[in-house]
Amino acid sequence: MDGAADGSEIVDLRPGLRQFRADVLRGLSLPQKGLPSKYFYDAEGARLFDAICGLPEYYPTRTELGILRAHAAEIAATIGPRAMVIELGSGSGVKTRLLLAALEAPAAYVPVEISPDYLAHEVRRLEADFPALDILPLCADFQRPFSVPDIAPVERRRVVFFPGSTLGNFSPGPARALLRHLREIVGLGGGLLIGIDLCKPRDVLERAYDDSAGVTAAFNLNLLARINRELGGDFDLQQFRHRARFNADASRMEMHLQSLREQTVHVAERAFHFALGETIHTENSYKYETAAFEREALAAGFASRQSWTDARGWFAVWYFEAA
């Protein structure tokens, strides 16, 4: 366990260097090379993602924040008092503060975050803002099974808070598996408060994932820099470029890193050949129709209680109850 500035102890369940190495070598060996997007979030990646969230082209963060600000009291009333809030990918904490401030006597807050530095920083800030709240930080990869502390009978119900449309980073099979796992975590009568990005015009989507300032490109390329630093790679970042494109058939945005020439790259003493124009697929972001997403949640054991959206219908925040 690591301390958060002598405050809440962080339980560390994140994947280690051996797992990072195995995932990278496996991904670069595929016919369509790919890297897991969860490895974006080292300290620099987390900083760059914070910057992305403030970009004019990147609508999801400000749109979801607008929904939460407009409906915080209604959301809190729907959740009810004494909820244990379990947040996946706790991030910068802005949305967290809106929710925690609106809730009646929350029993505890469990942030689940893969970046330990990011997690420790945000826990310190939340402890200062909510000194009476029991904060139980968990450094973990929520793509793998994890458990949370049992503080019954203090908690009335468990509620997973999953903002940012992060579920959209999962392909359909893993997304369904994660929803089923969340149903197990919250238990009967528990809740899921989730933000989901909805379908919208291609040009809006592609600008959001390929901003004019190049911040998203730097975020994507930072994954190669991390591989060089931690796994002894020799990627020349100048010989790769960020590509973002909408795959209409799959209803998803895709991020790739494209090789600008034929080249061979070494990682952990393994050689990987790249043809001119060949890409590494680094992230998906699925966009949902409302009825289709409700069916997915229902199949995982959640019944829709209420939803909120913005005036343009670009983003939705749902509250589901474990049926």
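**Exercise 1. Describe the hairpin of β13 and β14, then place β14 among its partner strands.**

Solution.
Step 1. Five residues separate β13 from β14 in this hairpin, and in the turn G313 has a positive phi of about 70 degrees. The model is predicted.
Step 2. The pairing of β13 (residues 302-309) with β14 is antiparallel and runs over seven bridges. T309 has A316 as its bridge partner in β14.
Step 3. β14 also pairs with β7 (residues 191-197), again antiparallel, through seven bridges. Here G191 stands opposite E321 of β14.
Step 4. For burial, take residues 315-322, which make up β14: seven of the eight are buried, so the strand is mostly covered.

**Exercise 2. Find the partners of β4 and decide which of its faces are covered.**

Solution.
Step 1. β3 (residues 83-88) runs parallel to β4 and is joined to it by five bridges. One position to look up is E87, whose bridge partner in β4 is P111.
Step 2. β5 (residues 138-140) is also parallel to β4, with two bridges between them. E113 has C139 as its bridge partner in β5.
Step 3. Burial here means under 20% relative accessible area. In β4 (residues 108-113), six of six residues are buried.
Step 4. One side carries A108, V110 and V112, the other Y109, P111 and E113; with these residues all buried, both faces of β4 are covered.

**Exercise 3. Work out the strand order of the open sheet that contains β9, and find the helix that packs on it.**

Solution.
Step 1. The sheet has three strands in the order β8-β9-β12, with antiparallel pairing.
Step 2. β8 (240-247) and β12 (279-286) each have a single partner strand, so they stand at the edges and one side of each lacks a neighbour in the sheet.
Step 3. From one strand to the next, the twist averages 20 degrees.
Step 4. Eight bridges hold the antiparallel pairing of β8 with β9 (residues 252-259). F240 stands opposite S259 in β9.
Step 5. The helix is α8 (residues 215-231), which touches β8, β9 and β12. Its direction makes about 60 degrees with that of β9.

**Exercise 4. Compare the faces of β10 and describe its hairpin with β11.**

Solution.
Step 1. Q263, V265 and V267 form the covered face of β10, while T264 and H266 form the uncovered one.
Step 2. β10 and β11 run antiparallel and are joined by five bridges. T264, on the uncovered face, has H273 as its bridge partner in β11.
Step 3. Two residues lie between the strands of this hairpin, in which A268 takes a positive phi near 50 degrees.

**Exercise 5. Follow α1 from its length to its place in the largest nonpolar core.**

Solution.
Step 1. α1 (residues 17-28) has 12 residues and spans 16 Å from its first C-alpha to its last, close to the expected 16 Å.
Step 2. Its buried residues are F20, D23, V24, L25, G27 and L28. Their cover includes α8, β10 (263-267), β11 (270-274) and β12.
Step 3. L28 can be followed further: leaving aside residues up to four places away in sequence, L28 touches K33, G34, L35, F235, V267, F272, F274 and I280.
Step 4. The largest nonpolar core has 38 residues, and L28, L224, I227, F235, V267 and I280 have the most contacts inside it. Two or more residues come from each of α1, α2 (43-53), α7 (202-208), α8, β8, β9, β10 and β11. The largest share is that of α8, with seven residues.
Step 5. There is also a second, separate core of 37 residues, including A108, V148, I194 and F293.

**Exercise 6. Test whether the overall dimensions of the chain agree with a compact globule.**

Solution.
Step 1. For 323 residues, a compact globule would have a radius of gyration near 20 Å; the protein chain has 20 Å, so the two agree.
Step 2. The C-alpha trace spans about 60 × 45 × 35 Å along its principal axes.
Step 3. Of the 323 residues, 56% count as buried.
Step 4. Among contacts with a separation of 6 or more, 72% join residues 24 or more positions apart.
Step 5. The chain's secondary structure comprises nine helices and 14 strands.

Conventions: Residues numbered from 1 in each chain as written. Predicted model: local features only at pLDDT ≥ 70, side-chain atom pairs only at ≥ 80, totals over all residues. Heavy atoms only, no water. Pairing = 2+ DSSP bridges. Helix = DSSP H or I, 4+ residues; strand = E, 2+ residues; numbered from the N terminus. Axes fitted to C-alpha atoms, helices over the stretch in contact; angles between N-to-C directions. Contact = heavy atoms within 4.5 Å. Expected span 1.5 Å × (residues − 1). Buried < 20%, exposed > 50% of the residue type's maximum accessible area, 1.4 Å probe, protein only. Core = buried A, V, L, I, M, F, W, Y, C linked by side-chain atoms within 4.5 Å. Rg over C-alpha atoms; globule rule 2.2 N^0.38 Å.
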